[in-house]
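Welcome! Here are a few short exercises to work through with the structure beside you. Try each task before reading its solution.

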Amino acid sequence: MGFTQTCVVASLTLCPAYLVYVYIYCSHKLLKTNVLNNDRLPSFVYLYIKYLAKALSRRTGYLYTATEKEREVVYTVLNCRLETLLLRGFCSAAGYGWDYPDSEYRDIPMCFPEFLCRRLLLMVLTDGNLRLSPAGLVRVRQSLKTLQPVDELKKGPFVLQVRVLEYRQIDTGVEVDICLSATSRSGCPVWESVLTLLSKNKVHNAGRCSPKSENEGRADEPVPDNVKQVELRVPRTTGLQCVWSFSDHLPCRLLSLLAGLSGYRSQTAPSLWMLSVCLAEIEKHKGVGVITAPIDVTAQFKEPLLAPGQVTIKFWETTKSGGQSSARGLSFLMQQHGSGISHMTGSISR
């Protein structure tokens with residue numbers, strides 16, 4: 001009996017030490033370099049601890065002075081591979097359907113590579129050389145481009161990279177541009193996305209959970225009469241099905257998750273989900289040719305979208321003249337059903 005008790009005590013002592021070694025110490029050692037292998041990445045546990053530590057030590061809306069030892073904030077992950085179950089889960093949650101990857105002539109959803117970058121993005125946000133607090137960052141704009149079909153990533157190991165581009169001081173706080181990219185096994189760029197995140201200062205933060213950029217005061221593009229309109233239900237579990245993007249998870253959103261599960265309508269839909277379902281509906285009604293590479297997609301995020309609820313997605317063809325030629329494109333927006341309040345506007349062009 002004494003021997004058994006000794007073994008139990010020894011196990012209880014070694015287990016925490018092992019967990020600290022695996023999830024904390026090994027992750028700390030891995031982040032000594034900014035080029036990692038996909039099979040050896042820092043744990044989310046360690047990154048969340050770094051996030052909390054940095055959020056508590058810095059205030060939002062303030063651009064901290066760079067140190068002499070400042071280095072470029074960039075992380076690269078080699079030998080990435082697509083996981084079918086992960087892709088199916090994304091397609092199901094984003095409105096494409098669980099069986100979407102089995103469909104012929106269907107490219108991988110344009111927003112899916114960003115979902116693959118979620119750990120990389122968290123590594124950037126918790127990096128010591130990021131000059132902002134990671135807390136309270138809100139996505140205000142985004143531009144995506146595909147240079148080749150995203151299906152190229154299915155053909156073998158690919159590379160993901162997340163890099164901080166620049167900071168901008170604005171009236172409401174500080175904006176930062178972060179570039180996410182995916183490169184095929186042959187070294188050719190396939191996909192790129194630039195996120196503009198806003199760290200809002202306290203002067204403009206009163207009473208708001210999701211701040212707006214100074215550029216969001218512009219009027220929406222006029223909607224023509226021949227617009228296509230789709231009504232869509234926003235499920236209660238939109239933000240819980242998967243961690244769409246850590247940059248969307250404000251402290252007020254994290255606190256709202258329990259309220260959302262309890263039935264209160266206080267949870268906001270992630271901006272990546274909003275963009276994904278818009279592109280999914282456009283593809284369903286306009287055909288896959290509308291989003292076939294190479295294309296550019298831009299989006300501006302406005303009012304937060306509460307879940308559960310109902311929204312109206314509108315999209316229409318546009319023609320832009322440039323010199324002697326004209327380019328055809330498509331504009332879209334997401335509005336609160338019945339109120340006309342815009343949650344997001346965007347455009348697709350070639």
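**Exercise 1. Describe the chain as a whole.**

Start with the surface: the accessible surface of the protein chain comes to about 17,400 Å², and 54% of this belongs to carbon and sulfur atoms. Keep in mind that this is a predicted model. Next, look at burial: of the 350 residues of the protein chain, 47% count as buried. Then go through the secondary structure, where you should find seven helices and 13 strands. Finally, turn to the contacts with a separation of 6 or more: 74% of them join residues 24 or more positions apart.

**Exercise 2. Find the largest nonpolar core, and say which helix gives it the largest share.**

In soluble globular proteins, nonpolar side chains tend to be buried together. Here, the largest nonpolar core has 80 residues. Those with the most contacts inside it are Ile178, Leu275, Val297, Phe332, Met334, Met344 and Ile348. Helix α7 (residues 271-286) supplies the largest share of this core, nine residues. Now pick out Met334 and set aside its neighbours within four places in sequence: among its contacts are Met274, Val277, Cys278, Leu305 and Met344.

**Exercise 3. Which residues of helix α3 (residues 84-93) are buried, and what do they pack against?**

First, list the buried residues of α3: Leu87, Arg88, Phe90, Cys91 and Ala93. Second, look for their partners: these buried residues pack against α4 (112-116) and α7. Third, step just past the end of α3, where Gly95 takes a positive phi of about 95°.

**Exercise 4. Is Asp177 buried or exposed?**

Begin by locating Asp177 in strand β5 (residues 173-183). The cut-off for buried is under 20% relative accessible area. Asp177 has a relative accessible area of 8%, so Asp177 is buried. To see its surroundings, leave out residues up to four places away in sequence: Asp177 touches Arg163, Val164, Leu165, Glu166, Arg168, Val194, Leu195 and Thr196. Take Val164 from that list: it lies 13 residues from Asp177 along the chain, and their C-alpha atoms are separated by 6.2 Å.

**Exercise 5. How many cavities of 30 Å³ or more are there, and what lines the second largest?**

Rolling a probe the size of a water molecule over the atoms shows where empty space is left. The count comes to two cavities of 30 Å³ or more. The second largest holds about 50 Å³ of space. Its lining is made by Asp107, Ile108, Pro109, Met110, Thr146, Val150, Glu283, Ile291 and Ala293. Sorted by class, that lining has six nonpolar, one polar and two charged residues.

Key. Residues numbered from 1 in each chain as written. Predicted model: local features only at pLDDT ≥ 70, side-chain atom pairs only at ≥ 80, totals over all residues. Heavy atoms only, no water. 1 Å grid on protein atoms, 1.4 Å probe; cavity = no way out; pocket = protein on both sides within 12 Å on 5 of 7 lines; lining within 4 Å. Points joined across faces, edges and corners; volume = space filled by probe spheres on them. Nonpolar A, V, L, I, M, F, W, Y, C, P; charged D, E, K, R; others polar. Core = buried A, V, L, I, M, F, W, Y, C linked by side-chain atoms within 4.5 Å. Buried < 20%, exposed > 50% of the residue type's maximum accessible area, 1.4 Å probe, protein only. Helix = DSSP H or I, 4+ residues; strand = E, 2+ residues; numbered from the N terminus. Contact = heavy atoms within 4.5 Å. Areas by Shrake-Rupley, 256 points an atom, 1.4 Å probe, with all protein chains shown as cover.
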